[in-house]
Amino acid sequence: MKVRPLFVVALLGAAAWGTRVAWVRAHRAARNVAWTTCPFVGAPIITMLNDIAPWDTFATRVHEEKHAEQCRVLGPVKYRLRSLTSAGKLSVEAPAYCAAAAARLTVDPDSQYASDRLHTDMIEGMSDLVDSSAIKAALLKECPAIATQPRRTRGRTRRVSGR
Ligand SMILES: [Zn+2]
């Protein structure tokens, strides 16, 4: 049998990519602390696990409420179809991440931290589907007032005052 080097390289590349996608999905699944189900019968159902940091609970709730609203507006078929393509995913996730960032700002006026979490959370959450430049572009379009703020990380142990 004649070995075709390009074919072998393509095969190895595909295998490596598949492994990476599987790893990212498994990794993300472990961090998935909240999700919204859009059933064919009945109202959307929001599930939130208990191990969400106290200072992230409100933002997470608002993110999922946005998906519940999208489920009600689009209906279960259209809503589920959006999750099949990266463009569709971006169109439902960008508004949800922006709503969460706006909610975070109502209890914590640190706009640079809000901007950092907006970008970091969405890029981490969608890393296996969309590259970071497409995510940044989507956020700039969806909520420019927050997305254009400089980004600054801060220790996760710092609690939001009054909570
Ligand atoms: Zn989401």
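**Note on a predicted model: helix packing around α3**

1. In this predicted model, helix α2 passes helix α3 in a right-handed crossing. The axes of these two helices lie 7 Å apart and pack at an angle of about 155 degrees, and since angles over 145 degrees count as roughly antiparallel, α2 and α3 are therefore roughly antiparallel to each other.

2. The contact between α2 and α3 involves many residues from each helix. On the α2 side the participants include Phe 58, Ala 59, Val 62, His 63, Lys 66 and Gln 70, with Leu 81 and Arg 82 also taking part. On the α3 side they include Gly 88, Val 92, Pro 95, Ala 96, Tyr 97, Ala 99, Ala 100 and Val 107. Sorted by class, the residues of this contact comprise 12 nonpolar, 6 polar and 4 charged.

3. For a reader new to the structure, the overall plan may help at this point. The protein has 163 residues, of which 23% count as buried, and its secondary structure consists of 6 helices and 2 strands. Read from the N terminus, the elements follow the order α-β-β-α-α-α-α-α. Among contacts between residues at least 6 apart in sequence, 65% join residues that are at least 24 apart.

4. How does the span of helix α3 compare with what 1.5 Å a residue would give? Helix α3 covers residues 86-107, and its 22 residues should span 32 Å at that rise, while its end C-alpha atoms are 31 Å apart, which agrees.

5. Which residues of α3 are buried? They are Leu 90, Glu 93, Ala 94, Ala 96, Tyr 97, Cys 98, Ala 99, Ala 100, Ala 101 and Arg 104. The elements that cover these buried residues include α2 (54-82), α4 (111-125), α5 (132-142) and α6 (144-147), so the partner helix of the first two points, α2, is among them.

6. Ala 99, which is found in helix α3, serves as an example of a buried position. Ala 99 has 20 C-beta neighbours inside 10 Å, and because a residue with 20 or more counts as buried, it is placed in that class. Leaving aside neighbours within four places in sequence, Ala 99 is in contact with Val 62, His 63 and Lys 66. Ala 99 can also be set against Leu 118, from which it is 19 residues apart in sequence and 9.6 Å apart in space, taken from C-alpha to C-alpha.

7. Is Asp 56, a residue of helix α2, buried, exposed or partly exposed? Asp 56 has 18 other C-beta atoms within 10 Å and is partly exposed, because that number falls between the limits of 12 or fewer for exposed and 20 or more for buried. Asp 56 and Ala 100 are 44 residues apart along the chain, and their C-alpha atoms are separated by 9.3 Å.

8. A second helix pair deserves a separate look. The axes of α4 and α5 come within 10 Å and cross at roughly 135 degrees, and these two helices are therefore oblique to each other. As for the handedness, α4 passes α5 in a right-handed crossing. Leu 118, His 119, Met 122 and Ile 123 in α4 meet Ser 132, Ile 135, Lys 136 and Leu 139 in α5, and the residues of this contact divide into 5 nonpolar, 2 polar and 1 charged.

Notes:
Residues are numbered from 1 along each chain as its sequence is written. This is a predicted model: local features need pLDDT of at least 70, side-chain atom pairs count only at pLDDT 80 or more; totals for chains, interfaces and linings use all residues. Helices (H or I, at least four residues) and strands (E, at least two) are DSSP runs, numbered from the N terminus. The expected span of a helix is 1.5 Å times one less than its number of residues. Two residues are in contact if their C-beta atoms, placed from the backbone, lie within 7 Å. Axes are lines fitted to C-alpha atoms, for helices over the stretch in contact, and angles run from 0 to 180 degrees between N-to-C directions. Angles under 35 degrees count as roughly parallel, over 145 as roughly antiparallel, 65 to 115 as roughly perpendicular and the rest as oblique. A crossing is left-handed if the near helix is turned anticlockwise from the far one by less than a right angle, and right-handed if clockwise. Ala, Val, Leu, Ile, Met, Phe, Trp, Tyr, Cys and Pro count as nonpolar, Asp, Glu, Lys and Arg as charged, and the others, Gly among them, as polar.
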